[in-house]
Structure formats: C-alpha cells, structure tokens
Amino acid sequence: GPSEPAVMRLIPDETWAVITIWQESRGEGQAGRVAVAEVIRNRMRRKYSSDGSAAGTVLFPYQFSGWNTNDPNRVPAAKLDDADPTVRACVAAWQQALGGSETAKGAVLYFNPRIVGRPSWADPDKRVATVGAHEFFID
C-alpha cells in the first residue's frame, strides 16, 4: 500500500525461482518443471538451505547447479526472454507451486541420476517421487 517504503527491486524475487526452474528442468514435461518449482517453494517455507526468499534459496552455495560458476547455462539463464514459450511454462510452473501443487510430495532434494549418478545423501527410503528425469527426496 501507500504507507510501504519505496523499495526498488531490480530483479523481482520470483524471477530467481523461474530462472532456476528453467536451468534445472526446461527439458522436462510440465510436471517435471512443477516438481522442481515445488522444491524451491518447500525450501523457502522451511528455510532449508535458504533465508526464506527465492534468491536466497536458489543461490545458496552448491544447491542448484545452474548457479555454479562453471555451469555452462549460468550466463544464458541470465538472458532469458519472457516471451519464450519454455520460459512461460516455467513461470506457470512457479505459479502452480505457489498455488499449492504437490507433485514432488514435499521434497526438498532432487537429482538426475543420468547426470550425477547417486549422491551420498540420496537415501532410497526418503525418495518420495520420480518425475521425468529427476528423483525427489524428503530430508
């Protein structure tokens, strides 16, 4: 409202979530994009490797590989065009996650076994969903 201080947000917080969804799941079907969006949302809500904001969640060190300094998608991700249909699908996935979808069944962790093998933290008893190429885990 009018009583709020004027704060310029050059990059709205949700943009960080959408870019990360694009980095991590642009090649997935929409359910896969929604599941990744939910992990970001779940981490924000629980402050799991997160300060509660989207930027502070996705940029937390070594959590979302698209932001790692050596990731080839890092610079292209910063140049996304919001008219691109895949980017629009990532926006829709974020909106669906914020609306309460539960495709990832409460997960806060995921990985693609075809890319990273099986990380040490991936306890099979804590796997709650497989959506597209990703396996999703609770902690």
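In this predicted model, the lining of the largest pocket is made up of nine nonpolar, nine polar and five charged residues. The pocket encloses about 530 Å³ of space. Of its 23 lining residues, E24, S65, Y110, F111 and V116 are the closest to the centre. Helix α1, strand β1 (109-111) and helix α6 (113-116) each contribute at least two residues to this lining.

The second largest pocket has a volume of about 250 Å³. Its lining comprises 13 residues, and T15, V18, D82, V87 and V91 lie closest to the centre. By class, eight of the lining residues are nonpolar, two are polar and three are charged. Helices α1 and α5 (85-98) each provide at least two residues of this lining.

Helix α1 also takes part in two helix contacts, with α2 and with α5. The geometry of each pair is set out below.

| Helix pair | Axis approach | Crossing angle |
|---|---|---|
| α1 (13-25) and α2 (30-46) | within 9 Å | roughly 135 degrees |
| α1 and α5 | within 9 Å | roughly 120 degrees |

The axes of α1 and α2 cross at roughly 135 degrees. Because angles over 145 degrees count as roughly antiparallel and those from 65 to 115 degrees as roughly perpendicular, α1 is oblique to α2. The crossing of this pair is right-handed. On the α1 side, the contact is formed by D13, A17, T20, I21, E24 and S25, which meet G32, R33, V36, A37, I40 and M44 of α2. Six residues of this contact are nonpolar, three are polar and three are charged. E24 belongs to this contact and is also among the residues closest to the centre of the largest pocket.

For α1 and α5, the axes cross at roughly 120 degrees. By the same limits, α1 is therefore oblique to α5. Here, too, the crossing is right-handed. In this contact, E14, A17, V18, I21 and W22 of α1 meet T86, V87, C90, V91, A93 and W94 of α5. The contact has nine nonpolar residues, one polar residue and one charged residue.

Certain residues recur in these descriptions. A17 and I21 of α1 meet residues of α2, and A17 and I21 also appear in the contact with α5. V18, V87 and V91 take part in the contact of α1 with α5, and V18, V87 and V91 are also among the residues closest to the centre of the second largest pocket.

Conventions: Residues numbered from 1 in each chain as written. Predicted model: local features only at pLDDT ≥ 70, side-chain atom pairs only at ≥ 80, totals over all residues. Heavy atoms only, no water. Axes fitted to C-alpha atoms, helices over the stretch in contact; angles between N-to-C directions. Helix = DSSP H or I, 4+ residues; strand = E, 2+ residues; numbered from the N terminus. Parallel < 35°, antiparallel > 145°, perpendicular 65-115°, else oblique. Left-handed = near helix turned anticlockwise from the far one by under 90°. Contact = heavy atoms within 4.5 Å. Nonpolar A, V, L, I, M, F, W, Y, C, P; charged D, E, K, R; others polar. 1 Å grid on protein atoms, 1.4 Å probe; cavity = no way out; pocket = protein on both sides within 12 Å on 5 of 7 lines; lining within 4 Å. Points joined across faces, edges and corners; volume = space filled by probe spheres on them.
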